[in-house]
Amino acid sequence: MAGETLTASSYIQHHLQNLTYGNHPEGGWMFAHTAQEAKEMGFWAIHVDTMGWSIALGVLFLWLFRSAAKKASAGVPGGLQNFVEVMVEFVDNSVKETFHGRNKVIAPLALTIFCWIFLMNFMDLIPVDFLPRLAQIITGNEHLYFRVVPTTDLNATIGMALSVFALIVYYSIKVKGVSGFVGELTLQPFGKWMIPFNLLLEGVGLLAKPVSLALRLFGNLYAGELIFILIALMPLWVQWTLSVPWAIFHILIITLQAFIFMMLTIVYLSMAHEDH
């Protein structure tokens, strides 16, 4: 796509730019044609590719697991049923070992997080030019921006992390009460005479939870995507030499990052349920 018309630098920048829709100060509501236009659209602009792939992969997850549940039988299970049962058992055991409260939401939430993030991460294994080029052919726009890995978009990872953070605050208040939650932030670890210092320490610790969730997932997947893009710039024989080993190694990364996000979510929600 880009080898004949783009420099290496512009090729990389093109692949790292999202398909953005927003209200441009001069052009009104429109798709951004350049990175500068996307920037000028401001905070409320939408990364259409990130939203689209996130929703599509979420629907795929729901459809697969619903199909397995509807076809489940006590006899010899099929491949899909085996896979779903393994995933459910794996997540259920992880929750039992880590979560020390009682909440029926945690296990389904953990399963959703792991499978959804894994599917989004898995898109990084598709050749970097394949889907963007297909989108360009379908739309007839040779310069169309199109990113297919939602977790390489910081907006997506921050959105998921903030959702988990909202649950942390909600269950902290539900289990401990408003006074207990405020007391935990202001009276620990040094007592009532050090309230400002306690609030600073505990507040930073609380806010660090969503930040760590978002940045860890984003950083690892963004780096992986960038390496695939750099490999795509090399001669064909070098691409085959490097891309296959890196893809095999990257399978471990995408699985591990989904697992870490799930486990940290369980740990944080377990801490929220602890009433001292």
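The expected span of a helix is 1.5 Å times one less than its number of residues. Keep that rule to hand for helix α3 below. What you have here is a predicted model of a protein chain with nine helices and three strands. From the N terminus, its elements follow the order α-β-β-α-β-α-α-α-α-α-α-α.

**The chain as a whole**
- Along its principal axes, the C-alpha trace spans about 65 × 60 × 35 Å.
- The protein chain has 276 residues, of which 40% count as buried.
- Taking contacts between residues at least 6 apart in sequence, 68% of them join residues at least 24 apart.

**Helix α3, checked against the rule**
- Helix α3 covers residues 48-71, which gives 24 residues and an expected span of 34 Å at 1.5 Å a residue.
- The end C-alpha atoms of α3 lie 34 Å apart, so the model agrees with the expected span.
- Buried residues of α3 include the aromatic pair Phe 61 and Phe 65, along with Leu 57, Gly 58 and Ala 68.
- Asp 49, Thr 50, Ser 54 and Ser 67 are also among the buried residues of α3.
- As a bit of helix background, an α-helix has 3.6 residues a turn, so residues three or four places apart point the same way.
- The partners that the buried residues of α3 pack against are β3 (46-47), α4, α5 (106-122) and α7.

**Helix α7 beside α9**
- Helix α7 (residues 154-186) packs with helix α9 (residues 236-272) at an angle of about 20°, their axes being 8 Å apart.
- That angle makes α7 roughly parallel to α9, and α7 passes α9 in a right-handed crossing.
- On the α7 side, the contact is made by Met 160, Ala 161, Val 164, Leu 167, Ile 168, Tyr 171, Ser 172, Val 175 and Lys 176.
- On the α9 side, Phe 261, Thr 265, Tyr 268, Leu 269, Met 271 and Ala 272 take part.
- Sorted by class, this contact of α7 with α9 has 12 nonpolar, two polar and one charged residues.

**Helix α8 and its two partners**
- The axes of α7 and α8 come within 8 Å and cross at roughly 155°, so these two helices are roughly antiparallel to each other.
- Here too the crossing is right-handed, with α7 passing α8.
- The contact of α7 with α8 has 19 nonpolar, three polar and three charged residues.
- Helix α8 (residues 195-232) packs with α9 at an angle of about 175°, with 10 Å between their axes.
- Helix α8 is therefore roughly antiparallel to α9.
- By class, the contact of α8 with α9 has 16 nonpolar, eight polar and two charged residues.

**Two residues to look up in the structure**
- Thr 98 sits in helix α4 (residues 79-98).
- With a relative accessible area of 15%, Thr 98 is buried, because buried means under 20%.
- Setting aside neighbours within four places in sequence, Thr 98 is in contact with Met 263, Ile 266, Val 267 and Ser 270.
- Ser 73 belongs to the loop between α3 and α4.
- Ser 73 is partly exposed, its relative accessible area being 41%.
- C-alpha to C-alpha, Ser 73 is 25 Å from Phe 114 in space, and the two are 41 residues apart in sequence.

Notes
Residues are numbered from 1 along each chain as its sequence is written. This is a predicted model: local features need pLDDT of at least 70, side-chain atom pairs count only at pLDDT 80 or more; totals for chains, interfaces and linings use all residues. Side-chain values use heavy atoms; hydrogens and water are left out. Axes are lines fitted to C-alpha atoms, for helices over the stretch in contact, and angles run from 0 to 180 degrees between N-to-C directions. Helices (H or I, at least four residues) and strands (E, at least two) are DSSP runs, numbered from the N terminus. Angles under 35 degrees count as roughly parallel, over 145 as roughly antiparallel, 65 to 115 as roughly perpendicular and the rest as oblique. A crossing is left-handed if the near helix is turned anticlockwise from the far one by less than a right angle, and right-handed if clockwise. Contact means heavy atoms within 4.5 Å. Ala, Val, Leu, Ile, Met, Phe, Trp, Tyr, Cys and Pro count as nonpolar, Asp, Glu, Lys and Arg as charged, and the others, Gly among them, as polar. Buried means under 20% relative accessible area, exposed over 50%, partly exposed in between (1.4 Å probe, protein chains only).
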